[in-house]
Amino acid sequence: MTFFQFVFSKVFLKQLLLAIVALLVMAFLILWWLRFSTNHNETIEVPNLAKLSLDKVEETLDEMDLRYEILDSANYNPDYPKYSVIEQIPKPGKFVKEDRKLYLTLNPSGYRKIEVPDVLGRTRRQAEPTLLAMGFKIGKISYRPHISDNVLEMRYKGEKLEVGTPLQKTSVIDLIVGDESLNRIQTEDDPSEENPEAPTENEEANNGEF
């Protein structure tokens, strides 16, 4: 029997068919096993981690076979607890595979610090908008005898506040402002200011000589 006769014989074709069936069955079993052993097509819904501390985050994600990585801290948000999750990627409700890493942004411990601007010598009308624009709050306004209505001093929690001191945003700054009382007293003491035509002492003396 020649080789070609053997290849096309019923015995060879039967053995070949059995081998192909065996391979198909084996492939099916392998794919079936991989599907269950690797959770093929199985996904996990991403939980909402907002306002959770890192301890709670780790506990929650461990139970769900998920991981996390801290990206950075955002601007302080008073509506969230300190060091809690303020933002996450992927967003809550998304579906991911097991062992997926979630990227988290945390709320810092407080507002960032800003240097106190120099508003000394400016009027209250000029100083207040400057402080408010930088994120500070205006507290108590006190007045001190002075020739002008300029800001004479700044205070924070009762202590004198120097220009350039770093304070947290939203800190309350008290102002001590001049009341212009000395200017009024000076005007009252100088009659020439009220009546420019009033004679001076020298003029009155000279009038007496003639």
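## Strand β8 and its surroundings

In this predicted model, residue E153 is found in strand β8. Is E153 buried or exposed? The relative accessible area of E153 is 9%, and because a residue counts as buried when that value is under 20%, E153 is buried. The side chain of E153 is joined to the side chain of R155 by a polar contact of 2.8 Å. When neighbours within four places in sequence are left aside, E153 is in contact with L120, R144, K160, D174, L175 and I176.

The strand that holds E153 belongs to an open sheet of four strands, whose order is β7-β11-β8-β9 and whose pairing is mixed. The edges of this sheet are β7 (137–144) and β9 (159–160), each of which pairs on one side only. Strands β8 and β11 run antiparallel and are joined by four bridges, and the bridge partner that M154 has in β11 is L175. Across β7, β8 and β11 lies helix α4, which runs at about 160° to β7.

The elements with their residue ranges are set out here.

| Element | Residues | Reference |
|---|---|---|
| Strand β7 | 137–144 | edge strand |
| Strand β8 | 151–156 | antiparallel to β11 |
| Strand β9 | 159–160 | edge strand |
| Strand β11 | 172–178 | antiparallel to β8 |
| Helix α4 | 124–133 | lies across β7, β8 and β11 |

Which residues have the most contacts inside the largest nonpolar core? This core has 14 residues, and those with the most contacts inside it are V116, F136, M154, I173 and L175. At least two residues of the core come from each of α4, β8 and β11, and β11 gives the most, with three residues. Leaving aside neighbours within four places in sequence, M154 is in contact with V116, P117, V119, L120, E159, K160, L161, V163, I173, D174 and L175. There is also a second, separate core of eleven residues, and I44, V46, L61 and V85 are among them.

Turning to the whole protein, there are seven helices and eleven strands, and buried residues make up 22% of the 210 residues. Of the contacts between residues at least 6 apart in sequence, 69% join residues at least 24 apart. The protein exposes about 15,500 Å², and carbon and sulfur atoms supply 54% of that area.

Methods. Residues numbered from 1 in each chain as written. Predicted model: local features only at pLDDT ≥ 70, side-chain atom pairs only at ≥ 80, totals over all residues. Heavy atoms only, no water. Pairing = 2+ DSSP bridges. Contact = heavy atoms within 4.5 Å. Axes fitted to C-alpha atoms, helices over the stretch in contact; angles between N-to-C directions. Buried < 20%, exposed > 50% of the residue type's maximum accessible area, 1.4 Å probe, protein only. Areas by Shrake-Rupley, 256 points an atom, 1.4 Å probe, with all protein chains shown as cover. Polar contact = N/O pair within 3.5 Å; in protein donor to acceptor, adjacent residues only side chain to side chain. Core = buried A, V, L, I, M, F, W, Y, C linked by side-chain atoms within 4.5 Å.
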